[in-house]
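Please open the model in a viewer and keep the sequence panel at hand. The tour below proceeds by selection, stop by stop.

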Amino acid sequence: MEKLIVASGNKGKLKEISEILKDKYEIVSMADAGFKGDIEENGKTFFENALIKAKTISEFMQADALADDSGLCVEALDGAPGIYSARYAGEHGNDAANRAKLLKVLSGEENRNAKFMCCVVLYRKDGTYICGRGETLGKIGLKEEGNNGFGYDSVFISDDLHKSFGVSSDEEKNEVSHRKRALIDLLRQI
């Protein structure tokens with residue numbers, strides 16, 4: 001099976017990508033491939049950030065690399081937190097603080113429509129790349145529900161599943177997730 005380096009250190013993302021692509025690729029994290037640094041995500045869109053990460057790892061490793069950038073976009077917040085989802089409360093990767101801030105900001109808000117968006121880029125060592133996009137619709141709950149998943153999963157009530165990703169199994173979430181939809185879009189182009 002072909003190995004594919006994924007430009008991420010996020011264990012939740014790596015697990016999801018690995019489960020979704022298990023029939024096509026063996027997923028290797030950038031750290032396991034030998035990349036020890038951080039990649040500055042200074043793009044203005046999910047696509048730009050995914051491209052920056054995939055290109056950095058591909059050029060460093062001289063191999064094909066996959067990267068995703070994804071986040072939660074809330075209608076009442078004009079799409080925020082968006083590309084800043086992982087650092088919405090200030091500290092990068094503090095999921096509990098990010099959820100707490102989101103619930104506080106939306107306190108009293110009737111419009112709780114939201115979507116998870118994902119852009120994945122496969123950057124090839126020859127300098128070419130392809131991009132896949134996906135989204136999944138839902139609403140922000142009034143409180144956290146469940147402990148499964150990561151990030152905003154416990155506050156996101158999926159329109160497809162009619163429950164939060166936090167109480168959904170990995171299999172249920174992966175069937176309707178923005179990441180799976182983006183990866184399917186990408187695979188169609190390969």
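A residue counts as exposed when its relative accessible area is over 50%, as buried when that area is under 20%, and as partly exposed in between. The model shown here is predicted.

**Stop 1: two residues with positive phi**

Select His162, in the loop that runs between β6 (156–158) and α4 (170–176). With a relative accessible area of 68%, over the 50% cut-off, His162 is therefore exposed. Its backbone deserves inspection: phi of His162 is positive, at about 60°, although the residue is not a glycine. As background, a negative phi is found in most residues other than glycine, and most peptide bonds are trans.

Now move to Gln62, which is located in the loop between α2 (46–61) and β3. Here too phi is positive in a residue other than glycine, with a value near 55°. Is Gln62 buried or exposed? Its relative accessibility is 57%, so Gln62 counts as exposed.

**Stop 2: a cis peptide bond**

Select Ala80 and Pro81 and display the backbone atoms. The peptide bond joining Ala80 and Pro81 is cis, with omega about 0°. Pro81 belongs to the loop between β3 (65–74) and α3 (95–105).

**Stop 3: the sheet**

Select the strands next. In which order do the six strands of the open sheet follow one another? The order is β2-β1-β3-β4-β5-β6, and the pairing is mixed. The edges are formed by β2 (25–29) and β6, each of which pairs on one side only. On average, and with direction ignored, neighbouring strands of this sheet are turned by 40° against each other.

Begin at the β2 edge. Strands β1 and β2 run parallel and are joined by five bridges. To find one of the paired positions, select Glu2, whose bridge partner in β2 is Tyr25. Although β2 is an edge strand, four of its five residues are buried, so β2 is largely enclosed by the rest of the structure.

Continue to the neighbouring pair. Strand β1 (residues 2–6) also pairs with β3, in the parallel sense and over two bridges. Select Ile5 to see its bridge partner in β3, Ala65. Then add helix α2 to the selection: α2 packs on the sheet and touches β1, β3, β4 (113–123) and β5 (129–140). The direction of α2 makes about 160° with that of β3.

**Stop 4: Gly138 in strand β5**

Select Gly138, a residue of strand β5. Its relative accessible area is 3%, and Gly138 is therefore buried. Which residues does Gly138 contact, leaving aside its neighbours within four places in sequence? They are Arg112, Asn113, Ala114, Phe156, Ile157, Ser158 and Asp159. A distance label between C-alpha atoms is useful here: Gly138 and Ser158 are 20 residues apart along the chain, and their C-alpha atoms are separated by 4.4 Å.

**Stop 5: Gly127 between β4 and β5**

Move to Gly127, in the loop between β4 and β5. Gly127 has a relative accessible area of 35%, so it is partly exposed. Draw a second C-alpha label, from Gly127 to Asp38: these residues are 89 apart in sequence and 21 Å apart in space.

**Stop 6: Arg99 in helix α3**

Select Arg99, which is placed in helix α3. Is this arginine, Arg99, buried or exposed? At 14% relative accessibility, Arg99 counts as buried, because the cut-off is 20%. Apart from neighbours within four places in sequence, Arg99 is in contact with Glu144, Gly151, Tyr152, Ser154 and Val155.

**Stop 7: helices α1 and α5**

Finish with a pair of helices. In general, two packed helices are described by the angle between their axes and the distance between the axes. Select helix α1 (residues 11–20) and helix α5 (residues 178–189): their axes come within 10 Å and cross at roughly 50°. The two helices, α1 and α5, are therefore oblique to each other. The crossing in which α1 passes α5 is right-handed.

Show the side chains of the contact. From α1, select Lys13, Glu16, Ile17 and Ile20; from α5, select Arg179, Lys180 and Leu183. How do the residues of this contact of α1 with α5 divide by character? Three are nonpolar, none is polar and four are charged.

Technical notes
Residues numbered from 1 in each chain as written. Predicted model: local features only at pLDDT ≥ 70, side-chain atom pairs only at ≥ 80, totals over all residues. Heavy atoms only, no water. Axes fitted to C-alpha atoms, helices over the stretch in contact; angles between N-to-C directions. Parallel < 35°, antiparallel > 145°, perpendicular 65-115°, else oblique. Left-handed = near helix turned anticlockwise from the far one by under 90°. Contact = heavy atoms within 4.5 Å. Nonpolar A, V, L, I, M, F, W, Y, C, P; charged D, E, K, R; others polar. Buried < 20%, exposed > 50% of the residue type's maximum accessible area, 1.4 Å probe, protein only. Pairing = 2+ DSSP bridges.
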